[in-house]
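This report introduces one protein to a reader who meets its structure here, beginning with the surface and then turning to the fold and the core.

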Amino acid sequence: MEEFVVYILYSKKFNKNYTGFTSNLIERFKSHNIMAKKGFTIKFRPWEVIYVEFFNSKIDAMKREKNLKTGIGREYIKKLIQQHT
């Protein structure tokens, strides 16, 4: 069974965060930090992973990602960042 991960990245240098989901966190993290040549995340490197949550289904991971992008989710992320810094 494939496992999915919702993750939050934080760029301390730029005080930015990014929320996403994947089935391969290590490769996705490399993409955000090293390999990608375009997109939002290349502008705010370096990134560090500050949160991960595991799911057994892609649908559940997508729902959680969407939830973290709501007002309540953004408040939750803000608290995570405060604890992290």
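## Surface, fold and core

The accessible surface of the protein comes to about 5,800 Å², and 55% of this area belongs to carbon and sulfur atoms, with areas taken by the Shrake-Rupley method with a 1.4 Å probe. The structure is a predicted model, in which local features need pLDDT of at least 70 and side-chain atom pairs count only at pLDDT 80 or more, while totals for chains, interfaces and linings use all residues. Residues are numbered from 1 along each chain as its sequence is written, and side-chain values use heavy atoms, with hydrogens and water left out.

Three helices and three strands make up the secondary structure, and from the N terminus on they run β-β-α-β-α-α; helices (H or I, at least four residues) and strands (E, at least two) are DSSP runs.

| Property | Value |
|---|---|
| Span of the C-alpha trace along its principal axes | about 35 × 30 × 20 Å |
| Buried residues (under 20% relative accessible area, 1.4 Å probe, protein chains only) | 34% of the 85 residues |

The largest nonpolar core, a set of buried Ala, Val, Leu, Ile, Met, Phe, Trp, Tyr and Cys residues joined through side-chain atoms within 4.5 Å, has twelve residues, among them F4, Y10, I50 and I81. Strand 1 (4-11), strand 3 (48-55), helix 2 (58-68) and helix 3 (71-84) each give two or more residues to this core, and strand 1 gives the most, with four. Leaving aside residues up to four places away in sequence, I81 touches Y10, N15, N17 and I50, where contact means heavy atoms within 4.5 Å.

Note on methods: Buried < 20%, exposed > 50% of the residue type's maximum accessible area, 1.4 Å probe, protein only.
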